[in-house]
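Colleague: I should be grateful for a close look at the helix packing in this model, together with its setting in the rest of the chain. Please treat the matter in one connected account.

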Amino acid sequence: MINVGFIGAGEIAWTHAAALAEVPEARLVVVTDALAEKAGNLAHKYGAKTAVDLDELLRFPGLDFVYILTPPAVHAQQIIAVAQAGLPMLCEKPLTMTLEEADQAISAAKQARVPVMTGLTHRYHPLAARAKELLENGELGDFVAAWSHRLTSLDVQPGSWLSSRALGGGMALQYALHDLDWECWLGGDVAQISAQEAHTNPRIDIEDNLWALLQFRNGGSGSVGVSWSAQHSHTERGLIGSRGNLRIINQKRLVGRTSEGKNLEIDLGDDYDWFDVFVRESRDAISQLSHAEPFRISVEDGRNALEISLAVQRAAITHQLVPLPLKVMPEWEKNA
Ligand SMILES: NC(=O)c1ccc[n+]([C@@H]2O[C@H](COP(=O)([O-])OP(=O)(O)OC[C@H]3O[C@@H](n4cnc5c(N)ncnc54)[C@H](O)[C@@H]3O)[C@@H](O)[C@H]2O)c1
């Protein structure tokens, strides 16, 4: 049995707790949150204990695995603390707010020889994963282009960390990161990025629409368009290969065709519940940990998704084409 502790008892923690309850080899044993009442409510529901703070949680007897489920501005310091306690962890996306923080967190984990998984949840969607398989097994030929459009209406609360670019990273780090990660998973390294954003909600300080174009090093293209101001929700992802193409419609149905004339069709049904990806994510994390195998989504994958998202953010703010990799500013240069 893997004993799991949660740092953070907010919205995503409730989803992870319900998902973890579907994994018989694991159980939630301890929860901490900056707001004790929130930790208490979640712990009570799942028969876990509470810890007053991170230090107490890390001393919890028999703890095997930690989920970091807090806002991104505190991820780096929490990854470092969990690593120094010698515990493996799953950290929600975005891994950190900056590449400098990501590198500090990665180096602490490496020094402590502690594995870190990043919560790039969308890779666990069965149709997103099937697209990757079809590309890898050659059925679609070489990568040519991918697109991902997720349009929804989201009531971002004014004053919340999500509504602040400094605390949440805006749409690039909070939302488009998943779409960018999926495309980079398929297309590989990105050479350069252009992007534009729009701000239609006067109640919040950040953009609520973001559109980006990616040029991959292999010559392929990617586009990502996300909206939090769309009254008519719509999601579509697509992939074009040199020998076939496919679309994933509303995360429920995959359709496509190969140049050999094979039709591709998978229907998850209208009742398919996105909660499934969280169950798959926890099941995989627990299985890899139990078998002492490396996590399938590494901390480096988390850093890569962060870097692409930061590049999109920079391109949207500066209206400039942003080349990759991004330059990490050394400490001495920052302080100069
Ligand atoms: N993978 C996904 O699809 C997905 C979906 C939603 C959110 N997320 C990520 O999950 C993380 C949390 O998001 P959320 O929606 O649950 O936020 P939230 O605001 O609902 O919850 C965050 C919780 O962390 C607590 N907290 C804040 N600072 C803390 C600290 N220093 N120590 C302990 N607790 C602290 C808050 O009190 C709050 O209860 C974010 O990084 C977000 O990007 C991922």
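Modeller: The account below begins with the domains, turns to two helix pairs and ends at the ligand. The model is a predicted one.

The chain is divided into domain 1, which covers 2-121 + 281-297, and domain 2, which covers 122-273 + 305-323. The C-alpha centres of these two domains are 26 Å apart. Between them, 14 residues of domain 1 are in contact with 15 residues of domain 2. On the domain 1 side, the residues that touch domain 2 comprise 10 nonpolar, two polar and two charged.

Two packed helices are described by the angle between their axes and the distance between the axes. The pair to be examined in detail consists of helix α8 (residues 170-187) and helix α10 (residues 299-318), whose axes come within 8 Å and cross at roughly 120 degrees. Why is α8 called oblique to α10? The crossing angle is roughly 120 degrees, and because the range counted as roughly perpendicular runs from 65 to 115 degrees and roughly antiparallel requires over 145, α8 is oblique to α10. The crossing of α8 and α10 is right-handed. On the α8 side, the contact is made by Gly170, Ala172, Leu173, Ala176, Leu177, Leu180, Asp181 and Cys184. Helix α10 contributes Asn304, Ala305, Ile308, Ser309, Val312 and Gln313. Sorted by class, this contact of α8 with α10 holds nine nonpolar, four polar and one charged residues.

A second pair is formed by α1 and helix α9 (residues 275-290), with axes that come within 8 Å and cross at roughly 65 degrees. The crossing of α1 and α9 is likewise right-handed. Here Thr15, His16, Ala19 and Leu20 of α1 meet Phe275, Phe278, Val279 and Ser282 of α9. The contact of α1 with α9 contains five nonpolar and three polar residues, and no charged ones.

Helix α1 also leads to the ligand. This helix, residues 11-20, supplies three residues, the largest share of the shell around the ligand. In total, 22 residues surround the ligand, and the closest are Gly8, Gly10, Glu11, Ile12 and Glu92. By class, the shell around the ligand has 10 nonpolar, seven polar and five charged residues. Helix α1 is thus named twice in this account: α1 meets α9 through residues including Thr15 and Leu20, and α1 gives three residues to the shell around the ligand.

Key: Residues numbered from 1 in each chain as written. Predicted model: local features only at pLDDT ≥ 70, side-chain atom pairs only at ≥ 80, totals over all residues. Near = placed C-beta within 6 Å. Helix = DSSP H or I, 4+ residues; strand = E, 2+ residues; numbered from the N terminus. Nonpolar A, V, L, I, M, F, W, Y, C, P; charged D, E, K, R; others polar. Axes fitted to C-alpha atoms, helices over the stretch in contact; angles between N-to-C directions. Parallel < 35°, antiparallel > 145°, perpendicular 65-115°, else oblique. Left-handed = near helix turned anticlockwise from the far one by under 90°. Contact = placed C-beta atoms within 7 Å. Domains from an automatic or database assignment.
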